[in-house]
Amino acid sequence: MMSRKCPKCGSSDLKAPRHIRARGVTSAKYRDLNIITCRKCRYTEFYELTEDEVAPINKKAGMIIFFAAVLPTLIGIGVSVWLIWG
Ligand SMILES: [Zn+2]
């Protein structure tokens, strides 16, 4: 499938690899995967990402966590201080 050909039906009409993050039922650890689907027969394959591929994603995820969690907390503290002292 990485060779851009479906092993099931031989079609080369494949969807672009999509990155997904999956978690096992018993494991708390996430795995980053690429999934490739054949447009013709819907056959889907999973590829585990290499360390090099995962690194920028984790960096991006870190930024998202910063803006989603850390920044509102800082603003919250800032507003509280402003309300008390302002
Ligand atoms: Zn196929």
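Start with the whole chain in view: a compact globule of 86 residues would have a radius of gyration near 12 Å, but this protein comes out at 21 Å. Keep in mind as you click around that this is a predicted model. Turn the protein along its principal axes and its C-alpha atoms fill a box of roughly 70 × 30 × 25 Å.

**Stop 1: the two domains**

Colour residues 1–49 one way and residues 51–86 another. Those are domain 1 and domain 2. How far apart do the C-alpha centres of the two domains lie? The answer is 32 Å.

Now switch to a cartoon view. You should find 1 helix and 3 strands. Follow the chain from its start and the pattern reads β-β-β-α. While the whole protein is on screen, here is one more number to take along: of the 86 residues, 2% count as buried.

**Stop 2: the sheet**

Select the strands together. The 3 of them make an open sheet, in the order β1-β2-β3, and the pairing is antiparallel. Why do β1 and β3 each have a side without a neighbour in the sheet? Both stand at the edges with a single partner strand, so one side of each is left free of a neighbour. Look at how the strands cross, too: neighbouring strands of this sheet are turned by 40 degrees against each other on average, ignoring direction.

If you are wondering what to look for between paired strands, sheets are held in register by a simple idea: strands pair through backbone hydrogen bonds, either parallel or antiparallel.

**Stop 3: β1 and its partner**

Pick residues 18–23, which are β1. Is this strand largely in the open or buried? Of its 6 residues the number buried is 0, so β1 lies largely in the open.

Next add residues 30–37, which are β2; 6 bridges join β2 to β1, and the two run antiparallel. Together β1 and β2 form a hairpin, with 6 residues between them. Two bridge pairs are worth showing as sticks:

- Alanine 22, whose bridge partner in β2 is arginine 31.
- Arginine 23, whose bridge partner in β2 is tyrosine 30.

**Stop 4: on to β3**

Keep β2 selected and add residues 44–48, which are β3. Here 5 bridges join β2 to β3, again running antiparallel. For a pair to click on, try isoleucine 36: its bridge partner in β3 is glutamate 45.

β2 and β3 also form a hairpin with 6 residues between them. Zoom in on arginine 42, which sits in the loop between these two strands. What is odd about its backbone? Phi of arginine 42 is near 70 degrees, a positive value in a residue other than glycine. Arginine 42 counts as exposed, because just 11 other C-beta atoms lie within 10 Å and a residue with 12 or fewer is called exposed.

**Stop 5: the segment before β1**

Now go back towards the start of the chain and select proline 7, in the segment before β1. Proline 7 is exposed, with 10 other C-beta atoms within 10 Å. Which residue should you select with it? Try tyrosine 43: the two are 36 residues apart in sequence, yet 8.7 Å apart in space, C-alpha to C-alpha.

Stay in that segment and move along to aspartate 13, which also comes before β1. Aspartate 13 is exposed as well, because it has 12 other C-beta atoms within 10 Å, and 12 still falls inside the exposed range. Draw a distance from its C-alpha atom to that of threonine 37: they are 24 residues apart along the chain and separated by 9.0 Å. Which residues is aspartate 13 in contact with, leaving aside its neighbours within four places in sequence? They are Arg39 and Lys40.

**Last look**

Zoom back out to the full protein. Of its contacts with a separation of 6 or more, 36% are between residues 24 or more positions apart.

Terms used. Residues are numbered from 1 along each chain as its sequence is written. This is a predicted model: local features need pLDDT of at least 70, side-chain atom pairs count only at pLDDT 80 or more; totals for chains, interfaces and linings use all residues. Domain bounds come from an automatic or database domain assignment. Helices (H or I, at least four residues) and strands (E, at least two) are DSSP runs, numbered from the N terminus. A residue is buried if 20 or more other C-beta atoms lie within 10 Å of its own, exposed if 12 or fewer, and partly exposed in between; C-beta atoms are placed from the backbone. Two residues are in contact if their C-beta atoms, placed from the backbone, lie within 7 Å. Two strands pair if DSSP finds at least two bridges between them. Axes are lines fitted to C-alpha atoms, for helices over the stretch in contact, and angles run from 0 to 180 degrees between N-to-C directions. The radius of gyration is taken over C-alpha atoms; the globule rule is 2.2 Å times the number of residues to the power 0.38.
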